[in-house]
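Good morning, and thank you for joining the meeting. Please take a moment to look at the sequence and the model before I go through them.

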Amino acid sequence: MAKLLHIHPSTSLPLPKRPHHTSFHPLTHSSSPYPPSNSPINFNSNTPSICYSQNPRLSISNPLHIIDNRSRDGYVVKATLNPESSGENDAVAAAEKAKMTELLVPGVLFGLWYLFNIYFNIYNKQVLEVFPNPVTMTAVQLVVGTFIIFMSWALNIHKWPNISRGQLLAILPLAVMHTLGNLTTNMSLGKVSVSFTHTIKAMEPFFTVVLSTMFLGEIPTAWVLSSLVPIVGGVILASLTEVSFNWPGFWSAMASNLANQSRNVLSKKLMVKKKESLDNITLFSIITIMSFFLFTPVALLVEGVKFTPAYLQSAGLNIKQVFIRSLLASICFHAYQQIAYMILQRVSPVTHSVGNCVKRVVVIVASIFFFRTPISLTNSIGTGIALAGVFLYSQVKRIKPKTT
């Protein structure tokens, strides 16, 4: 018949110190130390042996359950891990998991940023080659983006923003520059190769420095100015040997640089002192919607309603193919821009700038292979020098000027 030994929860049981004893084993009666006779624990004549462990993580805080070992004259004590130690292990595991997530999420976002950008340029270029109407294509992309934003708000994927009239007035210039930047990019992609458009767009740091000096009073350091030399020189070298070079495509890409960097400078100038700030995703959403309302009437006035099945059929185009590629280009366009803002919330501006430089390299290389763009050695060297200058610029921006 099994014997049960009940120990009061608050009772502490003195155990002997035994080196190198880390496991439970039945002990003989002669080797088991017993508590004094006045202890509240009373043993019968056939006192069971109590085994112990010096593992600090094991504690006997609950009533012990004694199990009769019929094969030997001894008993085994069941013990459990200390809850405090278990909690510490859980905390360490949670911290390691959070650290892994912190590293993994930005990496996934960067990969999606590059992937959506590549597909946007491919699909957009394919449509513009057969449907050379960049104004209409820009309007279509704004329409699709606006629809996606309203759906995300309706499904509570993002919170419905509470925008004041003052904020709308401050965002209006940003929306205008955003619209012009998208339009001129599409104009350039319709005229020259994707790789050349992005080579010219590598001059964005040049426009950032010029506009920041003019409107924000930020004096560039000598390091920043020196990094602009390979950027400008590389773009000039690539332009001189570009097979698809033409002036409309070149100036459209330059105008895109001017518009996009003006948007960034205006964002700093108009919103940096606002108490009611908006997060990046909400700001991008409002800019997209305002651009849609601003640009749609202009598109209808300039090119009319050309994105219709009747017009495309009269032009001898594959209606289904044009519609599908236009839709995919618009979705990718909105997705990569929104992901860019999501990344900016997680990493520093310098890291984001470096990632943008790598993204441009990836897009150029991918477009060259996909469209089999002819490129000379001099052209590739010029493109490489320009992109190296962009990377150098992103690094020297961290160097703060010495204060006297």
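Is Phe250 buried or partly exposed? At 12% relative accessibility, Phe250 is buried; that word stands for under 20% relative accessible area, while exposed stands for over 50% and partly exposed for what lies in between, with a 1.4 Å probe and protein chains only. I should say early that this is a predicted model, in which local features need pLDDT of at least 70 and side-chain atom pairs count only at pLDDT 80 or more, whereas totals for chains, interfaces and linings use all residues. Residues are numbered from 1 along each chain as its sequence is written, and side-chain values use heavy atoms, with hydrogens and water left out.

Let me begin with the aromatic rings. The structure holds 23 aromatic pairs; rings of Phe, Tyr and Trp (its six-membered ring) pair if their centres lie within 6.5 Å, and planes under 30 degrees apart count as stacked, over 60 as edge-to-face and the rest as tilted. One of these pairs is Phe150 with Trp153, which is edge-to-face, at 5.6 Å centre to centre and 85° between the planes. Phe150 and Trp153 lie three residues apart in helix 2 (residues 134-154), so about one helical turn separates them; helices here are DSSP runs of H or I with at least four residues, numbered from the N terminus. Phe150 is partly exposed at 33%, whereas Trp153 is buried at 7%.

The rings of Phe245 and Phe250 are tilted, because their planes meet at 50°, with centres 5.9 Å apart. Phe245 is partly exposed, with 27% relative accessibility. Both residues belong to a cluster linked by ring pairs, together with Phe196, Trp247 and Trp251.

I turn now to the interior. The largest nonpolar core has 22 residues; such a core is a set of buried Ala, Val, Leu, Ile, Met, Phe, Trp, Tyr and Cys residues joined through side-chain atoms within 4.5 Å. Those with the most contacts inside this core are Ile200, Met203, Ile231, Met254 and Tyr393. Elements giving two or more residues to it include helix 6 (222-240) and helix 7 (247-271), and helix 12 gives the most, with five residues. Leaving aside residues up to four places away in sequence, Ile231 touches Ala202, Met203, Pro205, Ala386, Gly389, Val390 and Tyr393, where contact means heavy atoms within 4.5 Å. A second, separate core of 13 residues includes Leu109, Phe110, Tyr336 and Ile343.
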